[in-house]
Amino acid sequence: MGRYRVRVATGSFAFSGSTNQVQLWLVGQRAEAELGMQLRPTRGQMEDFEVDVSEDLGPLLFVKLQKIHLFLKDAWFCNHITVWTFEKSMEKEIVFPCYRWVQGDGIICLPEATAWTMGKDVQGLFQKHREEELEERRRLYRWATWKKGILLSVDAKSEKDLPLDVRFHENKKIDFEGTLIAGMTEIALKRTYTLLSSWSSLEDFDQIFWCSKNTLAKKVRQSWKDDDFFGYQFLNGVNPTVLRRSTSLPTRLVIPPGAEEIQIQLEKKLQEGCLFEADFSLLDGIQPNVIQGERQYLAAPLVMFKMEHDGKLLPMAIQLQPPCSSSPVPPLFLPSDPSLTWLLAKAWVKNSDFQLHELQAHLLKTHLVAEVFAVATMRCLSGMHPIFKLLIPHLRYTLEINTRARTKLISDGGIFDQVVNTGGGGHLEVLRRATACLTYRSLCPPDDLADRGLLGIPSALYVHDALRLWDIISRYVQGIVHLHYSEDKVVQNDPELQNWCREITEIGLHGAQARGFPVSFQSRADLCYFLTMCIFTCTVQHSGINQGQLDWYAWVPNAPCTMRQPPPTTKDVTLEMVMATLPNIQQACLQMTISWHLGRFQPDMVPLGQHKEEYFSGPGPKAVLSFFQEELNTLEKEIVARNKNLDLPYEYLQPSRIENSITI
Ligand SMILES: CCCCC/C=C\C[C@@H](/C=C/C=C\CCCCCCC(=O)O)OO
Ligand SMILES: [Fe+2]
């Protein structure tokens with residue numbers, strides 16, 4: 001019994017408030033009390049009221065709330081409910097996080113914020129609540145097979161089928177759809193503007209290059225033909241995931257007669273330990289697209305590089321297709337070839353890199369992997385679970401952006417079908433092949449970068465920043481895990497957590513235990529490593545892979561989305577051949593627009609670690625988050641200072657530019 005002060009906090013984005021009245025109950029260990037019809041929640045407001053309760057409720061466990069609509073039925077976004085009690089003249093604050101839409105006239109039950117694993121809830125005070133909550137979540141969030149052989153996704157035909165709690169908020173929806181319309185309008189303008197113009201020289205791409213404000217995009221336009229600029233991109237460009245240090249000459253690298261000199265050079269660099277390669281064999285045999293009746297073409301190149309003492313990565317040789325018994329030995333294209341021949345060979349490499357970047361590194365290894373984490377988290381972890389509270393800020397908007405990708409980008413008639421040479425079904429085969437070789441190690445930079453022989457290279461800025469961020473996130477995760485798991489046995493005996501792990505590996509990732517993913521956690525260390533990978537993937541890796549689309553894809557010849565003629569098999573290349581091969585005006589315009597749309601800074605972006613939702617309570621988690629933010633701030637300053645001395649600053653992994661989840 002006694003006096004309670006209650007605060008109701010409503011979300012601040014559009015339509016968060018409600019004209020309906022809200023009914024509240026306090027639920028304690030000994031009794032519950034109805035607080036009566038109290039208020040109509042107002043957007044962005046915290047509204048307080050006081051009540052006297054006659055019953056002895058005991059320690060508060062839940063707040064229950066219900067929205068009562070008389071006429072208009074609307075949805076209310078409740079941030080949290082806070083209750084102050086006065087015990088022995090001491091004021092005690094108890095927080096009940098919500099951060100969900102309250103719609104309809106159902107009763108929502110909010111447990112108090114202390115994170116509980118089932119093992120800790122020895123009295124079973126919350127067991128029924130967790131069971132009911134997970135039953136409802138499993139009904140709302142179901143696995144679906146969008147295409148066989150690809151990671152499972154959420155069961156939603158379009159974003160409209162998604163639960164309201166995971167939808168874009170109004171401001172995000174308006175921005176996303178509004179910029180798409182603006183982009184499509186720009187294409188129409190460019191088409192009109194270029195209707196009568198020529199498309200016969202590389203400079204003609206200038207007619208549609210409208211990125212005058214983007215310094216790096218202008219640098220790409222200026223330097224894309226240079227070999228050191230070409231090599232730089234494999235270290236610090238939009239796709240730093242293909243390059244690896246050679247441990248032997250690749251078996252596919254058959255030296256054609258008369259090219260013995262290059263073999264000597266390659267072997268010398270190999271012996272010196274500074275030979276590198278980028279192999280696009282995953283594209284071998286993929287069926288090319290047909291766009292508006294015109295057949296497109298694909299290659300599966302291999303590029304050999306040498307790392308110079310000054311850190312520059314220079315291409316030494318390009319083989320555009322793997323050798324096959326029924327054809328002559330494929331030619332090796334060399335920097336000493338005629339300039340247009342060498343340029344076209346490099347363009348073929350960049351077209352292939354476009355495919356693996358967008359389909360394997362971006363869509364599969366960030367978006368679709370993050371979706372598996374999101375669906376498994378909603379299905380297996382109750383809202384009280386500490387790992388739910390840790391991860392949920394890093395899953396914001398991911399289900400919607402991925403559903404939109406499935407319906408607009410890689411769908412029948414989507415962007416890939418319209419302008420990409422793996423479109424028309426080849427892109428799905430690339431996704432299947434990439435899924436089949438998706439390993440746990442490849443998602444963990446300490447393993448992946450070591451496996452690719454990329455440690456200790458001063459000019460590898462992505463590598464440096466990624467490893468620093470991995471360590472910082474690792475300490476953040478350990479801080480939260482050690483607060484809630486006192487020893488390995490507690491991890492082993494947490495059924496929600498073990499179900500979560502199993503559902504990710506065996507279901508979402510498509511039987512990925514064969515590729516190194518865990519089916520259970522045996523120790524806190526196992527758990528921390530996996531959670532670090534989850535957060536790194538949903539934040540750092542996506543930012544490193546997504547942001548650069550605007551900079552590196554705006555000048556279309558640097559990363560052609562499609563190729564309209566077969567790869568050259570001789571060294572006689574003319575400008576006409578080059579222009580007939582690169583994307584046409586329409587394809588180039590769409591590439592620029594989509595790259596801009598997907599690579600631009602999100603106006604409502606939440607930087608890494610800066611989420612405002614307080615799912616945890618108590619000083620412990622707050623201190624861990626605060627230390628995480630301090631470490632990120634220190635790294636921010638380090639990267640800004642380093643970039644000041646670079647001709648080409650590497651900014652994609654600057655903490656302030658890393659989004660807290662995959663939202664685009
Ligand atoms: C050509 C670039 C392809 C990028 C694919 C990689 C990852 C997915 C991407 C998410 C995209 C989500 C939605 C795209 C909408 C496309 C709009 C199509 C225009 C239209 O409405 O027709 O990560 O950023
Ligand atoms: Fe993305």
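Tutor: A polar contact is a pair of N or O atoms within 3.5 Å; within protein, one must be able to donate a hydrogen and the other to accept it, and residues adjacent in sequence count only if both atoms are side-chain atoms. This is a predicted model, in which local features need pLDDT of at least 70 and side-chain atom pairs count only at pLDDT 80 or more, while totals for chains, interfaces and linings use all residues. Residues are numbered from 1 along each chain as its sequence is written, chains are lettered from A and ligands numbered from 1 in the order in which they are written, and side-chain values use heavy atoms, with hydrogens and water left out.

Student: Which residues come nearest to ligand 1?

Tutor: A residue is near a molecule or strand if one of its heavy atoms lies within 4 Å of it. Here 20 residues surround ligand 1, and H362, H367, L409, N546 and I664 come nearest.

Student: How far is the side chain of H367 from an oxygen atom of ligand 1?

Tutor: An N or O atom of the H367 side chain sits 2.9 Å from a ligand 1 oxygen. H362 places a polar side-chain atom 3.1 Å from an oxygen of ligand 1, and for N546 the corresponding distance is 3.0 Å.

Student: How much of ligand 1 does the protein bury?

Tutor: Alone, ligand 1 exposes 660 Å², and the protein buries 92% of that (Shrake-Rupley areas with a 1.4 Å probe; for residues, only the protein chains shown count as cover). Two or more shell residues come from each of α2 (170-193), α6 (339-380), α8 (398-408), α9 (415-419) and α18 (585-599); helices (H or I, at least four residues) and strands (E, at least two) are DSSP runs, numbered from the N terminus. The largest share, 5 residues, is given by α6.

Student: What is the make-up of that shell by class?

Tutor: There are 13 nonpolar, 4 polar and 3 charged residues around ligand 1. Asp, Glu, Lys and Arg count as charged; Ala, Val, Leu, Ile, Met, Phe, Trp, Tyr, Cys and Pro as nonpolar; the others, Gly among them, as polar.

Student: How many disulfides does the structure hold?

Tutor: A disulfide is a pair of cysteine sulfur atoms within 2.5 Å. This structure has 0 disulfides. For C78, the nearest cysteine sulfur is that of C98, 4.0 Å away.

Student: Is C78 buried or exposed?

Tutor: Buried means under 20% relative accessible area, exposed over 50%, and partly exposed in between (1.4 Å probe, protein chains only). C78 counts as buried because its relative accessibility is 0%. C501 is in no disulfide either, with the C534 sulfur, its nearest, 9.3 Å away; at 0% relative accessibility, C501 also counts as buried.

Student: In what order do the strands of the open sheet run?

Tutor: Two strands pair if DSSP finds at least two bridges between them. Here 5 strands follow the order β11-β12-β15-β16-β17, with antiparallel pairing. The edges are β11 (244-245) and β17 (332-333), each paired on one side only. Within the sheet, 6 bridges link β15 (302-307) to β16 (313-319), and M307 stands opposite L313 in β16.

Student: Where does F15 lie?

Tutor: F15 is in the loop between β1 (2-10) and β2 (21-28). F15 is not glycine, yet its phi is positive, near 65 degrees. At 61% relative accessibility, F15 counts as exposed. Y99, in strand β7 (90-102), has a positive phi near 50 degrees, and Y99 counts as buried because its relative accessibility is 12%.
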